[in-house]
Amino acid sequence: MSATLDTAPHPVAAPARLRQNLALDVIGVSHAYDLDGRSLPVLDAIDLSLAPGEFVALLGPSGCGKSTLLRLAAGLERPTVGEIRADAVPIEGPDPTRLLVFQDPTLFPWRTVWKNVATGLEARGLLATHRGRIEEVLQLVKLDGFAAAYPHQLSGGMAQRVSIARALVNDPHLLLLDEPFGKLDSLTRLVLQQELAALWREVGFTALLVTHDVEEALLLADRVIVLSERPARILGEFRIEEDRPRRRDDPALVALRRTVLERLGIPHVPI
Ligand code: ADP
Ligand code: MG
């Protein structure tokens, strides 16, 4: 394991059953919002490359611009300066190969789990040909048997699994995860972290995860990027070379957790 400031992507081993991933390049991206006629700088000269199949986690203070970076990668907004490329092609708008999963599952309450997962396929006119895929992804997220349930009948963890299934059914090559487990109780979060790790290994998508949970970042990611206060700059980068599956109590990860927290400006003091 090493802690470096080297921003080049590493080639990633190919354990995936299906290869469905893409290379993401964030090149000199700065972004500002217009706030009552004045400019609010949010991202400052971000350079970041993800190799196909790589899992990268972003950590940074609240309000620094993490969600903005994900929205830019999803093509929901265009950067003020710089460019973002998917497989070397400039991103100019949303695409089902690059999907966002939010903290809040935002399921349609009047639709069953099956119909919620079907939404994307339906919108793209693919439901007739890809119906079988819905059952497959429900199995992947361990929700087979709940296809007929409605959102109000699900726990928070199950609802977030539906949200992940709703993205996976489109076979995304890049999954952008915006604090996906942030609202779950801590025990459910542990289970979903383990499930996401297994899902990533099995499906093989490229992943960019925003989280406030340092342990989560170190367990799941190949690299952890630490961002500054707004406007976000890259303050540090940590490559995690521990073999998978990883253990929470791995002494090397525990030591790295302390280093990452220090980079985030949170000193190690007994409480
Ligand atoms: P983070 O996800 O790191 O908490 P965000 O990317 O959501 O941060 O937001 C960064 C900053 O940009 C915040 O100060 C937020 O208020 C501001 N912001 C986000 N979206 C908009 C918007 N559409 N218009 C104006 N300001 C925004
Ligand atoms: Mg956010």
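Here are a few worked exercises on the predicted model shown above.

**Exercise 1. Helix 4 against helix 5**

Work out how helix 4 and helix 5 pack, and which residues make the contact.

*Solution.*

Step 1: get the geometry. Two packed helices are described by the angle between their axes and the distance between the axes. Helix 4 covers residues 156-168 and helix 5 covers residues 186-203; their axes sit 11 Å apart, at an angle of about 20°.

Step 2: turn the angle into a word. Angles under 35 degrees count as roughly parallel, so helix 4 is roughly parallel to helix 5.

Step 3: add the hand. The crossing of helix 4 and helix 5 is right-handed.

Step 4: list who touches whom. Helix 4 brings G157, Q160, R161, I164 and L168, while helix 5 brings T188, V191, L192, E195 and L199.

Step 5: sort these by class. The contact of helix 4 with helix 5 has five nonpolar, three polar and two charged residues.

**Exercise 2. The other side of the story: helix 2 and helix 4**

Describe the packing of helix 2 with helix 4, then see what the loop residue L107 touches.

*Solution.*

Step 1: the axes of this pair come within 7 Å, crossing at roughly 35°. The crossing of helix 2 and helix 4 is right-handed.

Step 2: pick out the residues. V113, N116 and V117 of helix 2 meet V162, A165 and R166 of helix 4. By class, that contact of helix 2 with helix 4 has four nonpolar, one polar and one charged residues.

Step 3: bring in L107. You'll find L107 in the loop between strand 7 (98-101) and helix 2 (113-123). Buried means under 20% relative accessible area, so L107, with 15%, is buried.

Step 4: check its neighbours. Leaving out residues up to four places away in sequence, L107 touches N116, P151, L154, A159, V162, S163 and R166. Among them are N116, V162 and R166, which also take part in the contact of helix 2 with helix 4.

Step 5: try a long jump. L107 and I240 are 133 residues apart in sequence, and their C-alpha atoms are 34 Å apart in space.

**Exercise 3. Salt bridges across the chain**

Take three salt bridges, E54 with R223, D171 with R133 and D222 with R244, and say where the partners sit and how buried they are.

*Solution.*

Step 1: recall the idea. Side chains of opposite charge can pair when their charged atoms come close. A search of the whole structure turns up 12 salt bridges.

Step 2: start with E54 and R223, whose closest N and O atoms are 2.8 Å apart. E54 is in the loop between strand 3 (38-50) and strand 4 (55-59), R223 is in strand 10 (residues 223-227), and 169 residues separate the two, so the pair links distant parts of the chain. Both E54 and R223 are buried.

Step 3: go on to D171 and R133, with closest N and O atoms 2.7 Å apart. This pair links distant parts of the chain too: D171 is in the loop between helix 4 and strand 8 (174-178), and R133 is in helix 3 (residues 127-140), 38 residues apart. D171 counts as partly exposed at 23% relative accessibility, whereas R133 is buried at 13%.

Step 4: finish with D222 and R244, which meet at 2.9 Å, N to O. D222 lies in the loop between helix 6 (214-220) and strand 10, and R244 in the loop between strand 11 (234-239) and helix 7 (251-263), so the pair ties together parts 22 residues apart in sequence. D222 counts as buried at 12%, and R244 as partly exposed at 26%.

Step 5: look for shared partners. Salt bridges that share partners join E54, R223 and E237 into one network.

**Exercise 4. Is helix 1 enclosed or exposed?**

Decide how helix 1 (residues 66-74) sits in the structure.

*Solution.*

Step 1: go along the helix. K66, T68, L69, L70, L72, A73 and A74 are buried.

Step 2: draw the conclusion. Seven of the nine residues of helix 1 are buried, so helix 1 is largely enclosed by the rest of the structure.

Step 3: look just past the end. G75, just after helix 1, takes a positive phi of about 80°.

Terms used
Residues are numbered from 1 along each chain as its sequence is written. Chains are lettered from A and ligands numbered from 1 in the order in which they are written. This is a predicted model: local features need pLDDT of at least 70, side-chain atom pairs count only at pLDDT 80 or more; totals for chains, interfaces and linings use all residues. Side-chain values use heavy atoms; hydrogens and water are left out. Axes are lines fitted to C-alpha atoms, for helices over the stretch in contact, and angles run from 0 to 180 degrees between N-to-C directions. Helices (H or I, at least four residues) and strands (E, at least two) are DSSP runs, numbered from the N terminus. Angles under 35 degrees count as roughly parallel, over 145 as roughly antiparallel, 65 to 115 as roughly perpendicular and the rest as oblique. A crossing is left-handed if the near helix is turned anticlockwise from the far one by less than a right angle, and right-handed if clockwise. Contact means heavy atoms within 4.5 Å. Ala, Val, Leu, Ile, Met, Phe, Trp, Tyr, Cys and Pro count as nonpolar, Asp, Glu, Lys and Arg as charged, and the others, Gly among them, as polar. A salt bridge is a side-chain nitrogen of Lys or Arg within 4 Å of a carboxyl oxygen of Asp or Glu. Buried means under 20% relative accessible area, exposed over 50%, partly exposed in between (1.4 Å probe, protein chains only).
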